[in-house]
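The following exercises concern a predicted model. Please study the sequence and structure, then work through each solution in turn.

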Amino acid sequence: MTSETFTPLKGRCACEAVKYERETGAAFALNAIVETSNFRIISSNQPLRTEIVQPSGEIGMMARCPICYTGLFRDYDGDGAIMTYVKAGTLDDESKKSIRPTGHIFTSTKLDWVDLTSERERGIPVVQEHYKRREVWSDEANARYDILLQKEAAAKKAKAARKESEA
């Protein structure tokens, strides 16, 4: 689902030991959702992947530079097979110019000095908890995400079946 004319977004950790490229998505976290099939590490250094416990109790993964420990990307279901959540602050300057937020969520915990007035003025949802993505995202983004959700559900079902057969 990527365009032939799309310029890949490039990023790196703070010390530039790990660099990556992605195609297509501090005081707060900025994540860009990327199809894992469109994400790859392009440096010889591989990130350190660590398990993290989510507020839900589920296990996820955070990938960090093995030298400076900058958080680069993560996934929320632990295997990263379908979606990768790229830390937008690690994108290089040129790539940062080509993306904009589609919404600001969980603003109930934002720092007081973060002013989202201009985002509201340009029509971007600013909500205390979460928004309904179908009402905010473009038709194309919703279609792509629906495909990812189907793949994720199939992968989880296959994983559960493997676990059951091993038991």
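**Exercise 1.** Determine where lysine 156 is placed and which surface patch Lys156 helps to form.

*Solution.* Step 1: lysine 156 is located in helix α4, which covers residues 139-166. Step 2: the relative accessible area of lysine 156 is 44%. Partly exposed residues lie between the 20% and 50% cut-offs, so lysine 156 counts as partly exposed. Step 3: together with Lys159, Arg162 and Lys163, Lys156 forms a positive surface patch.

**Exercise 2.** Establish whether strand β8 is enclosed or open, and name its pairing partners.

*Solution.* Step 1: five of the five residues of β8 (residues 83-87) are buried, so the strand is largely enclosed by the rest of the structure. Step 2: in a regular strand, side chains alternate between the two faces of the sheet. Step 3: Met83, Tyr85 and Lys87 are buried on one side of β8, and Thr84 and Val86 on the other. Step 4: β8 pairs with strand β3 (residues 31-35) in the antiparallel sense over five bridges; here alanine 32 stands opposite valine 86. Step 5: strand β7 (residues 71-75) also runs antiparallel to β8, joined by two bridges, and arginine 74 has tyrosine 85 as its bridge partner.

**Exercise 3.** Explain what the salt bridge between arginine 100 and glutamate 119 ties together.

*Solution.* Step 1: the two side chains meet at 3.7 Å, N to O. Step 2: arginine 100 lies in the loop between α1 and α2, and glutamate 119 in helix α2, so the pair ties together parts 19 residues apart in sequence. Step 3: arginine 100 is exposed at 57% relative accessible area, whereas glutamate 119 is buried at 10%.

Conventions:
Residues numbered from 1 in each chain as written. Predicted model: local features only at pLDDT ≥ 70, side-chain atom pairs only at ≥ 80, totals over all residues. Heavy atoms only, no water. Patch = residues over 30% accessible without salt bridge, like charges linked within 9 Å, V, L, I, M, F, W, Y side chains within 5 Å. Areas by Shrake-Rupley, 256 points an atom, 1.4 Å probe, with all protein chains shown as cover. Salt bridge = Lys/Arg side-chain N within 4 Å of Asp/Glu carboxyl O. Lys, Arg positive; Asp, Glu negative; His and termini not counted. Charge placed at Lys NZ, Arg CZ, Asp CG, Glu CD. Helix = DSSP H or I, 4+ residues; strand = E, 2+ residues; numbered from the N terminus. Buried < 20%, exposed > 50% of the residue type's maximum accessible area, 1.4 Å probe, protein only. Pairing = 2+ DSSP bridges.
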